[in-house]
Structure formats: C-alpha cells, structure tokens
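Please examine the sequence and the model below with attention to how its descriptive terms are justified.

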Amino acid sequence: MKKFVTKTLIILSCCVLLSEEKKIGLVLSGGGIKGFGHLGTLQMIDSLNIPIDFVVGSSIGAISAALYATGHSPPEIDIIGSQTNWKEIFGQSRSRDELLYFRKKDHSKFNLTFFLRGFRPTTPISLSNGQYSYEHLLDLFSEYTHISNFDNLLIPFRCNATDIISGEEYIFNKGSLAKSLRVSTSIPTIFSPIEYEDKLLVDGGLINNIPTNLAESLGANYIISSDVTSDDKSKDEIVDIFNIVYKIMDLYGSKNKKINSRKSDILVKPKINDLNVVSYNVDDINKMKLEGKKAAYENLNYFLKLQKKENLLINISAIPQNKFKLDSLILSNDLKDDSIIHNLFNLKSEIYKSKITDNILKIRSLKRYHNVYSKYKKNNFNDTYDMYLFGEKNQPIILNEINVIGNNKISNNKILSMFSLKKNEELDIIKLNEEIKTAYETELFEYINYDLFNEGTYTLNINVKEAEDKKLKLGVLWDNYYKLIGKIKIDIFNKPLKNLRFQNELLFSGLKRNQLSIYYLINNNSKSNLIPFIEFTNQIKNIGLYNFFNENTIQNIEHNYKSFSYGVIYPIYKYGSFEISSTKFNSKYKFEINRNDNNFKNNNISLYKFEFDLDQIDDLLHPKNGYRLNLNFKKSHDNFFTSNESLMPVSNGFQIFNLNFENYKSINFNHTFRIFNIIRKSSQLIPTYLTTFYGGTDWALGYKEFNLTANDLNLIGMEYQYHFKSSVTYRFVINKLVKINNHNNGPLNYGISIKIRSFLGPINFTYAKGHKIPYNKNSKEIRLFYFNFGVTL
C-alpha cells in the first residue's frame with residue numbers, strides 16, 4: 001500500500017512539473033559596445049514569437065533589456081545603437097555646435113583639464129563623468145519618467161549596480177529608468193560612480209555580469225542568457241587600459257558569472273573576444289552583430305522548442321519578406337485619434353520593414369505614448385498583413401513639490417532659476433530634459449539629474465554634485481611658423497565674489513601671451529544674457545611682413561602689444577555671440593632692419609570693436625559639419641599719421657572690416673566638402689600690425705604665413721576631405737586670390753594634406769603649390785611644405 005501511494009505521488013508530481021507553464025526570463029550581460037552582440041538573440045526570439053515574461057540586464061545589457069522591455073523591436077534597438085554618438089558618451093565631448101559660449105570658446109584648444117583643490121591639481125576618477133550618457137538615456141526613455149515601478153513596463157524589468165562601499169549588489173526595481181541605467185553602466189575608470197542614498201554605485205557587471213538570479217527572483221523558470229563578455233585573455237591580448245579594466249571586473253565577478261551561467265537553459269555566447277569594449281568602429285560593430293547572429297543560430301534547436309506557432313499575431317522579425325503590403329492598420333484606443341500616426345502608413349501599397357521601423361521610431365519621438373509596440377497578422381487569401389499598433393497615452397504630471405538635493409555652495413533659488421518649473425502646473429518633460437543639458441553646460445556641476453516620485457502627488461527632486469570652482473587646462477601645439485607653443489589656462493568661478501569668472505591664459509615658447517579676463521555672469525544659465533567683461537593682454541610675437549618691393553621676402557618684426565579692454569558679450573544660446581567693446585592698446589616694434597615708416601612707430605591707440613560670431617561648426621580639430629560667419633568691425637577713437645607728409649590724418653580715425661566665412665557638409669560620413677571666403681578691408685592710414693593676416697593651411701594654402709597682409713583682401717576657396725576609417729583624413733584644397741590691395745584676379749593655388757589623429761591632436765603634413773609673387777599668377781610657381789600638430793591656437 002505504501003509503495004502504491006509513493007508511486008502515485010511521484011507520478012502526480014511529474015505531471016504537475018510537466019504541465020507547469022514556462023515563465024521565460026531573458027538575461028543580457030554587460031560588455032561595453034559589445035552589447036551589439038545581443039541583437040542576434042533578440043532577433044531570434046522575435047522571429048520565433050517566443051514570449052518573454054521578464055527582462056534583466058547588467059551594464060550595457062541593461063540598456064538593451066530596458067529597450068526590449070518597453071516594446072522596442074530588435075530593428076529599432078539596432079538603429080538606436082547605430083545612431084548613438086558613442087564618441088560623445090565615452091569621451092565626454094559633446095559636439096561643439098551644441099555647446100554654450102564658454103565651453104565652445106575653449107573647445108579643441110586644450111589637451112588636458114584638471115580640477116584644482118587649493119593650488120593642487122586633482123586627477124579625475126574617470127575618463128567621463130557620465131553626464132552625456134545620462135542625457136542620452138533621458139532622450140530614450142523620457143516618456144517613462146512617470147513610471148516609477150519597473151513591473152509596470154510592457155515586460156517587467158530589472159537591472160543591477162555594485163555598491164563599492166559595501167561590495168554588495170544593488171537591484172533597481174523602481175525609480176528613474178534613465179538614472180538606473182546610467183548607474184548600471186558606470187564602468188569603473190570610464191564613467192564616474194553615482195552617489196545614491198548612502199551608497200556609491202558603479203557598473204552592475206562588476207559583481208554580477210550575468211544576473212540570472214534576478215530573473216529567478218521575478219519568477220522565471222526558464223532562462224535565456226546572452227553573454228557578450230570576453231573569455232579569459234592571454235597576456236598578449238591585454239593591450240590597453242580597457243582590457244585591464246574588464247579583466248579586473250571579470251576577476252571580481254567571476255564566481256557569480258560561473259554560477260549564473262549554469263542557471264541558463266539557453267546560453268548564447270558570441271565569439272567577439274578580440275574586439276574592444278569601447279570600439280565604436282563601424283566594422284567592429286558589424287562584426288559584433290554578425291557573431292551575435294551566428295551564436296544564436298548555434299542554439300536554434302533550443303529556441304525552436306519555445307516557438308509559439310499557434311500565435312495569430314506575430315512580430316515584425318517573423319515576417320519573411322523584406323517588403324509587403326499592409327491591408328489595414330488597427331490602433332489601440334489611445335492611438336486611434338492621432339492623425340500623425342495615420343499619415344505615416346500608406347495602406348494597400350507595399351512597404352519595407354525598415355520603413356515601418358522608422359515610422360514607429362517617429363511615433364516614439366512624439367513622446368506622447370509609452371509601451372508602444374506592434375504586431376502583425378497575415379491574411380492568407382491575398383498575402384497581405386494587418387498591422388496592430390499598441391500604446392498608452394502619457395498622463396499629465398502635476399508637480400506638488402520641487403526640491404534641490406546635494407548643493408552646498410550654490411543656492412536652491414539659483415539652481416531652480418535654471419528651470420521653468422512651477423508647482424501645481426503640468427510638467428513638460430521634454431523641456432525639463434533640455435534644461436538639464438543647459439544647466440550642465442554652465443560648468444557649475446559635475447553632474448545633474450532628477451528623480452520623480454508619485455505617492456499620490458508628484459514630487460520632483462533635482463540632484464546635483466557641484467563641480468570644483470577652479471580648473472587648470474593644458475595644451476601643446478606645433479605651428480609651422482611659430483614652432484612649439486605651450487598653453488596654460490586657469491579658470492576660476494565665483495571667486496572672490498559670486499558670479500565672477502576669472503580666466504588667465506598663458507602662451508609661451510614660440511608665441512608669448514598672457515591674457516587675464518574677468519566676466520560678471522548676471523545669469524549663469526540663461527540661453528541669452530549680457531556678460532560684462534574686462535580684459536588685460538600682454539603679447540610678444542613675430543609678425544612676418546611681406547615686402548612687395550623685394551619680391552617674395554618676409555621681414556620678421558617683433559611686436560610687443562599691451563591692451564586693456566572692456567565691454568559686453570551677448571551669447572546667442574548655442575549659436576554664437578555678439579560683442580561690443582572698447583580697447584586701448586600700446587604697440588612697440590623691434591625690427592631686424594631699420595624702418596622709418598610711421599606705420600611701425602610705437603603708438604597708443606583706442607578703438608571700438610563690434611563683432612558678430614555665428615558659430616555652428618561641430619569640431620575645430622576634425623570638422624565635418626556646420627558653418628561659421630565672423631563679422632568684425634573696428635573703428636579708432638584717434639587720428640593716425642604716416643611718414644608720408646602729403647597724407648593728412650583721417651579726421652574720424654581709421655577703421656577695419658573683416659569677414660570670415662566657412663561651411664562644412666559631410667556626405668556618407670567619409671566625404672566632407674568645405675567652402676570658405678575671407679574679406680578684409682581697412683583704411684590706408686592704419687598701424688600695420690592691424691592689417692596682418694596670418695593665413696595658414698586652413699585659410700591660405702599656397703602662401704607663406706603673413707604673405708597676404710593687406711588693406712584690401714578677398715580670397716575664396718573650396719576643400720574636399722576623405723576620411724579613411726577614423727584615424728586619417730586626406731584634404732584637397734584650392735583657393736583663388738580675388739583681390740589684394742590694387743591687384744585683381746590673383747593666382748589659383750592648390751595643395752594636399754594628410755591629417756592623422758593622435759592623443760596630442762591631429763598631425764598635419766601639407767604640400768602646396770603657390771607663386772613666387774603672391775599676387776601674380778604669371779610669376780614662377782613655388783612648392784611649399786607645412787607641418788602642424790596639436791590643438792588649435
């Protein structure tokens with residue numbers, strides 16, 4: 001009897017186990033850019049319509065997991081990853097055209113920046129503070145700001161982090177999705193840690209890079225894992241700091257990794273051991289995606305066992321054709337009255353899958369809906385498909401309370417003045433995200449983020465970590481004319497008085513200059529505001545003066561210049577600035593040979609300056625897109641005399657007008673075109689150094705430096721750049737001298753240049769053909785060679 005009961009219980013238990021419904025958990029590991037390797041697993045799951053009940057990720061896998069949990073299809077995730085500016089995220093270097101006045105002014109001009117504590121430079125704890133990564137995640141997930149419980153996403157989601165104080169794992173199951181992902185991806189030494197409650201959190205992959213235990217805790221009884229981490233590397237394969245960082249992370253979390261890998265029912269392991277975790281090279285990314293696909297197909301038999309063939313509604317990845325007809329569009333209740341959505345899809349005509357993916361991304365970009373996803377049903381009688389589009393409308397957020405957390409030196413009111421937040425009014429999330437970016441660009445914060453809590457009413461907490469108020473910037477360059485130049489700049493905020501900003505820049509060696517600038521920042525954060533300033537300059541440099549009477553000779557003149565300026569700057573948000581100022585300067589000259597011309601006599605002169613600078617170039621060292629228009633007008637207060645007694649002084653003083661224009665446009669990433677124009681006009685009676693024009697390879701290829709010094713100059717040109725991979729650029733430049741003084745229709749010059757990226761800045765080798773007499777196209781051709789490297793002057 002006992003044996004019969006025992007056998008019966010065993011049989012019943014087996015039946016229960018066999019009939020237990022599978023709860024499938026998807027786990028995505030960390031691995032930096034290698035996260036592209038997860039796409040193969042995601043595509044396999046979607047193409048077979050395998051239902052996922054829980055999604056878990058660590059580090060970069062957390063971002064892919066969050067995208068999948070919010071309804072993004074694998075093709076959408078692929079596009080988002082491919083369009084991400086990884087250089088900006090890893091390098092903490094935003095495109096220059098997006099920067100505000102002070103950051104833009106210093107962009108590309110220094111190699112290193114240190115914070116100063118007292119007078120002691122402090123080394124940064126990471127390559128990037130992660131702010132740009134956070135801002136990118138805000139853009140991706142802003143429509144989920146109001147969702148504080150990750151169980152309320154389309155698929156329940158979890159990610160992890162590591163508390164480096166206690167050494168324990170921290171699990172994110174609620175709160176700000178963007179902030180949670182920023183913390184989970186805080187690769188040590190690459191991104192700075194985040195202070196969270198009483199913890200200091202870094203990358204979740206440090207302690208648990210394949211967090212299958214989180215999927216189990218959610219209720220998963222069947223686990224699919226994608227592991228894009230590297231296997232053990234030999235000493236010869238550890239070739240850079242990133243290899244070392246990830247090797248240390250693997251060692252620290254190796255025990256958990258081995259245990260959790262064994263819990264995986266399907267383990268997809270792409271063979272991308274040889275690729276770098278921060279390599280955003282297009283060829284490397286394509287290889288990651290290909291290897292991810294291969295690894296998923298190696299597990300095809302296991303995936304097929306999970307396939308839900310009886311599903312009437314399928315994913316877009318399950319449609320075998322690349323192009324098909326949509327017979328009807330069925331929208332969920334929250335979407336059906338949106339005319340923009342209706343206009344995106346043309347029914348009864350063929351449409352590419354890629355076009356559908358683009359259209360869904362456009363719907364997401366409206367930021368009106370969350371949990372957006374699509375399904376498809378095949379109509380067998382005519383081989384068309386019905387498209388079902390689902391989504392939930394975002395409800396208005398009315399703020400009841402606004403707090404600032406983490407500030408010590410900057411007042412709450414000053415920080416809140418950077419935002420257009422009001423209690424008891426609807427919160428504009430898109431505007432808040434933009435204001436977060438603008439506030440960070442004031443350089444007052446090491447990072448700034450926010451949390452939104454809903455406990456019956458909404459509370460917004462703005463979290464800040466204030467930046468050090470002193471910076472030291474260092475730069476070095478080699479100029480073809482001035483040779484080696486060193487640069488040191490000290491930048492001090494709110495010292496000795498609030499709202500003051502002191503900047504002192506020292507140039508030494510080939511060119512000597514010390515410039516002290518003092519700004520009064522009426523409003524740190526405003527997109528457009530007046531900035532009064534005063535400036536003291538002391539400069540010693542050589543001017544190469546072209547001798548029109550002794551053809552093709554340059555006379556070196558040492559020019560000692562001291563000036564005092566005051567005025568006001570009006571920054572026009574990120575687009576440029578307008579400046580009105582007055583300058584009083586003293587000039588002294590030292591010649592290699594004697595000159596009696598009063599144009600070179602020592603003098604004290606005062607002048608007004610009006611400058612309009614419209615600047616949208618994306619990068620000064622490696623420009624690819626954007627334009628710059630600089631208009632500069634100077635007029636003296638004083639009369640000016642020359643040695644020519646027949647010339648009377650100009651009663652209203654002298655004046656100078658300069659125009660510099662350039663426009664870059666890139667096509668297919670590898671090809672960049674540029675056009676440029678220089679116009680300079682000035683009175684005849686004017687101190688000669690004010691008419692000097694340095695030129696250089698960017699503006700006057702085919703001419704020696706200072707060859708084009710003149711009172712009347714007009715030069716036009718165009719340039720083609722070919723970018724070979726990401727390290728070398730070939731430049732082809734032609735320019736035409738339209739006019740110089742009384743000479744019209746000057747020569748057409750041309751040249752080629754090779755620009756190689758380096759940690760010190762680009763290295764430029766340039767060859768050009770010019771003319772012995774710069775303004776005479778019929779004079780003998782000459783060959784010129786230029787060499788430059790480093791940051792911009």
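The following exchange concerns a predicted model and the grounds for the terms applied to it.

Q: Why are helix α3 and helix α4 called oblique to each other?
A: The axes of α3 (residues 60-69) and α4 (residues 74-83) cross at roughly 135°. Angles over 145 degrees count as roughly antiparallel, and 65 to 115 as roughly perpendicular. The crossing angle lies in neither range, and the two helices are therefore oblique.

Q: Where do α3 and α4 meet, and what is the hand of their crossing?
A: Their axes come within 10 Å. Ser64, Leu67 and Tyr68 in α3 meet Pro74, Ile77 and Ile80 in α4, with contact taken as heavy atoms within 4.5 Å. By class, this contact has 5 nonpolar residues, 1 polar residue and no charged residues. The crossing of α3 past α4 is right-handed.

Q: What makes α3 mostly covered?
A: A residue counts as buried under 20% relative accessible area, and 10 of the 10 residues of α3 are buried. Among them are Ser64, Leu67 and Tyr68, which also take part in the contact with α4.

Q: Which residue just after α3 takes a positive phi?
A: Gly71 does, with a phi of about 95°.

Q: How much of the protein as a whole counts as buried?
A: By the same cut-off of under 20% relative accessible area, 54% of the 793 residues count as buried. The protein contains 16 helices and 34 strands, and exposes about 37000 Å², of which carbon and sulfur atoms supply 54%.

Definitions and conventions:
Residues are numbered from 1 along each chain as its sequence is written. This is a predicted model: local features need pLDDT of at least 70, side-chain atom pairs count only at pLDDT 80 or more; totals for chains, interfaces and linings use all residues. Side-chain values use heavy atoms; hydrogens and water are left out. Axes are lines fitted to C-alpha atoms, for helices over the stretch in contact, and angles run from 0 to 180 degrees between N-to-C directions. Helices (H or I, at least four residues) and strands (E, at least two) are DSSP runs, numbered from the N terminus. Angles under 35 degrees count as roughly parallel, over 145 as roughly antiparallel, 65 to 115 as roughly perpendicular and the rest as oblique. A crossing is left-handed if the near helix is turned anticlockwise from the far one by less than a right angle, and right-handed if clockwise. Ala, Val, Leu, Ile, Met, Phe, Trp, Tyr, Cys and Pro count as nonpolar, Asp, Glu, Lys and Arg as charged, and the others, Gly among them, as polar. Buried means under 20% relative accessible area, exposed over 50%, partly exposed in between (1.4 Å probe, protein chains only). Accessible areas come from the Shrake-Rupley method with a 1.4 Å probe; for residues, only the protein chains shown count as cover.
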